[in-house]
Amino acid sequence: MDWMEITVLTSTAGADMVSQILMDAGSSGTMIEDKNDVAANQRPEGQWDIIDEEIARRIGDDVKVTGYYEVDAGLNDRVRFVEGEIRRIKGMDLGFDAGKLEILQQTFAEEDWAENWKKAFKPLRLGSHMLVKPGWADCEVLPGDKVIEIDPGMAFGTGTHETTGMCVELVEKYVSPGATAIDVGTGTGILAIAAAHMGARDVLAIDIDRVAVRVAKENVRINGFEGIIRCQAGDLLENVDEVADVVIANIIADVIIAIAAPVKAHIRAGGVFICSGISAERRQDVLDALDAAGYAVLDVCDRGGWCAMAARRA
């Protein structure tokens, strides 16, 4: 299968807006390359750097937001939609500099995807215990490290974004041995695997993207958690009866706001809802939604313009 990659050159302030346009056009997720994230994510001396300075140099000054689309009969309509929306926001007074808003297109075969990822995906440490590494990279494993080996394949989520890092920290804190968990929008399965590493006895990893589910299953196999993590295609709020001690959703603010109340049916009384993918501008909106749904907020993490939260179901 062939795919089209649509990249919009924007700014840090415009990245969320452009990302939403690309997802509205049909991309199941977006990749954001922002050199400002590199500086924000550097670790202290002696620890792994998430991305080195050479990667920052290659990223350049433009923030690149990329969506991915199947080359099929509907592709031209999706391209026209993106072009129309970019023209529309170019003519708006946004109150901030949205950058060049230049659109780049490239087609590639599915088998080329992983090779593109290998150029930038390096070993990194998340939370207190997790060492995330691609299968093709060698690195030093220290005592106490819990290794998560990830092949991104055609799915999203390698751990380099702040939202994933904060989610892992909350997983370490709130997933206890013997707990059950659900990872909504699992992508590559990284958060489900982190939950299993923390001692969860049963994890449902669910995603509406069947390609992501296929990739997550392979990553679960690679990490030896086939007996603990079940990967499933679908929508958690439709035709799923699972109830867990912890539900994890690293998605976007609008989806978290929409599911805050109905997802309670999948969280045991006293259980925890971990949510991330929340831009700083939507922080209060999500807090208000959790409060309205009857949660008690336990933790709010802020990093690099993003937020993650943990809230307890009453």
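In which strand is the place of Ala-109? Select Ala-109 and you will land in strand β4; strands here are DSSP runs of E with at least two residues, helices are runs of H or I with at least four residues, and both are numbered from the N terminus.

Before going on, a word on what is loaded. This is a predicted model, in which local features need pLDDT of at least 70 and side-chain atom pairs count only at pLDDT 80 or more, while totals for chains, interfaces and linings use all residues. Residues are numbered from 1 along each chain as its sequence is written, and side-chain values use heavy atoms, with hydrogens and water left out.

**The whole protein**

Colour by secondary structure to begin with: the protein has 10 helices and 14 strands. Now colour by accessibility: 49% of the 314 residues count as buried, where buried means under 20% relative accessible area, exposed over 50%, and partly exposed in between, with a 1.4 Å probe and protein chains only. For contacts, meaning heavy atoms within 4.5 Å, take the pairs of residues at least 6 apart in sequence: 70% of these contacts join residues at least 24 apart.

**Strands β1 and β4**

Return to Ala-109, which is buried with a relative accessible area of 18%. Add Met-4 to the selection: 105 residues separate it from Ala-109 in sequence, yet the C-alpha atoms are 8.8 Å apart in space.

Next, pick Glu-5, in strand β1 (residues 2-10). Is Glu-5 buried or exposed? Its relative accessibility is 16%, so Glu-5 counts as buried. Show its contacts beyond four places in sequence, and you will find Thr-66, Gly-67 and Tyr-68, then Leu-104, Gln-105, Gln-106 and Phe-108.

Now step to Leu-101, in the loop between α4 (75-90) and β4 (102-109). Check its backbone torsions: phi is positive, at about 55 degrees, although Leu-101 is not a glycine. Most residues other than glycine have a negative phi. Leu-101 is also buried, with a relative accessible area of 5%.

**Helices α1 and α4**

Two packed helices are described by the angle between their axes and the distance between the axes. Select helix α1 (residues 15-24) together with α4: their axes come within 9 Å and cross at roughly 150 degrees. The axes are lines fitted to C-alpha atoms, for helices over the stretch in contact, and the angles run from 0 to 180 degrees between N-to-C directions. α1 and α4 are therefore roughly antiparallel to each other; angles over 145 degrees count as roughly antiparallel, under 35 as roughly parallel, 65 to 115 as roughly perpendicular and the rest as oblique. Show side chains for Met-17, Ile-21, Leu-22 and Asp-24 of α1, and for Phe-81, Val-82, Glu-85, Ile-86 and Ile-89 of α4, to display the contact. By class, this contact has seven nonpolar, no polar and two charged residues. Here Ala, Val, Leu, Ile, Met, Phe, Trp, Tyr, Cys and Pro count as nonpolar, Asp, Glu, Lys and Arg as charged, and the others, Gly among them, as polar.

**Helices α6 and α7**

How far apart are the axes of helix α6 (residues 162-174) and helix α7 (residues 190-197)? They lie 10 Å apart, and the helices pack at an angle of about 25 degrees. α6 and α7 are therefore roughly parallel to each other. On the α6 side, select Thr-164, Cys-167, Val-168 and Val-171, which meet Ile-190, Leu-191, Ala-194 and Ala-195 of α7. The residues of this contact divide into seven nonpolar, one polar and no charged.

**Val-220 and its neighbours**

Move on to Val-220 in helix α8 (residues 210-222). Val-220 is buried, at 3% relative accessible area. Not counting residues up to four places away in sequence, Val-220 touches Ile-193, Phe-225, Glu-226, Ile-229 and Cys-231. Cys-231 counts as buried too, at 16% relative accessibility. Measure from the C-alpha of Val-220 to that of Glu-149, 71 residues away along the chain, and the separation is 9.0 Å.

**Asp-302 and Cys-307**

For the last stop, choose Asp-302 in strand β13 (residues 295-303). Asp-302 counts as partly exposed, at 45% relative accessibility. Beyond four places in sequence, its contacts are Met-166, Arg-283 and Cys-307.

Cys-307 counts as buried, at 0% relative accessibility. Why does its sulfur form no bond to Cys-301? The sulfur in Cys-301 is the closest cysteine sulfur, but at 9.0 Å it is too far for a bond. With a disulfide taken as a pair of cysteine sulfur atoms within 2.5 Å, the count comes to zero disulfides.
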